[in-house]
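Me: Could you take a close look at one part of this structure for me? I would like to follow the surface around its charged contact, and then see what else the chain has to offer.

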Amino acid sequence: MQIVNSAYFLCVVAMVRASFEGGHGGHHELSHTVEVTKHVPVPVYKHETVPVPHAVPVPVPKPVAVPVPQPYPIHINVPQPVAVPVIKTITIPVEKPVPYKVEKEVAYHVEKPYPVPVEKHVPVKITKPVPYKVPVYKVVYHHSKH
């Protein structure tokens with residue numbers, strides 16, 4: 001397809017150039033045409049079949065049944081009993097154990113804690129007094145004769 005389009009384009013260009021050359025009144029050749037051939041690679045496609053290792057499912061259209069309204073009631077057999085799924089929630093109360101005191105008499109002598117006075121000696125550091133000087137101000141009276 002490209003080759004045909006390019007050949008058509010070259011023909012149109014050649015016709016336009018020829019029309020310009022004839023319209024100037026003289027038969028002087030101002031330009032000349034050179035034919036150029038060029039090798040154009042054309043791809044050739046070869047169709048090859050590839051074997052499929054497994055069967056390929058092909059969808060086959062099935063006829064769709066369209067219900068038609070009937071002028072009289074139609075009897076439909078329904079198997080009895082009809083299975084209906086029932087969801088039932090069962091709540092089970094969980095009783096928590098309540099702690100309580102158990103008092104039992106023990107046949108063995110149990111020692112009871114006895115308070116013992118304990119004296120502790122903790123050394124407390126007492127800071128020594130730091131000597132400091134207190135300035136004493138004396139009032140000096142100057143007697144002057146008036």
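Reply: Happily; what follows starts at the salt bridge and then moves on to a nonpolar patch and a pocket. Please keep in mind that this is a predicted model.

Let us begin with the charged contact. Searching the whole structure turns up 1 salt bridge. Its partners are Lys46 and Glu48, whose closest N and O atoms sit 4.0 Å apart. Lys46 has a relative accessible area of 69%, so it counts as exposed, the cut-off being over 50%. Glu48 is exposed too, because its relative accessibility is 62%. As for His47, this residue belongs to the segment after H1. With a relative accessible area of 79%, His47 is likewise exposed.

From here we can look along the chain. His47 and Pro81 are 34 residues apart in sequence, and their C-alpha atoms are separated by 62 Å.

Next comes Val82, which also lies in the segment after helix H1, the helix that spans 2–22. Val82 has 52% relative accessibility and therefore counts as exposed. This valine is one member of a nonpolar surface patch, where it is joined by Tyr72, Ile74, Ile76, Val78, Val84 and Val86. Together, the residues of that patch have about 770 Å² of accessible area.

Finally, a word on the open space in the model. The largest pocket holds about 320 Å³. Its lining is made up of 11 residues, and those nearest the centre are Leu10, Ala14, Thr33, Val34 and Glu35. Sorted by class, the lining of this pocket comprises 6 nonpolar, 2 polar and 3 charged residues.

Conventions:
Residues numbered from 1 in each chain as written. Predicted model: local features only at pLDDT ≥ 70, side-chain atom pairs only at ≥ 80, totals over all residues. Heavy atoms only, no water. Patch = residues over 30% accessible without salt bridge, like charges linked within 9 Å, V, L, I, M, F, W, Y side chains within 5 Å. Areas by Shrake-Rupley, 256 points an atom, 1.4 Å probe, with all protein chains shown as cover. Salt bridge = Lys/Arg side-chain N within 4 Å of Asp/Glu carboxyl O. Helix = DSSP H or I, 4+ residues; strand = E, 2+ residues; numbered from the N terminus. Buried < 20%, exposed > 50% of the residue type's maximum accessible area, 1.4 Å probe, protein only. 1 Å grid on protein atoms, 1.4 Å probe; cavity = no way out; pocket = protein on both sides within 12 Å on 5 of 7 lines; lining within 4 Å. Points joined across faces, edges and corners; volume = space filled by probe spheres on them. Nonpolar A, V, L, I, M, F, W, Y, C, P; charged D, E, K, R; others polar.
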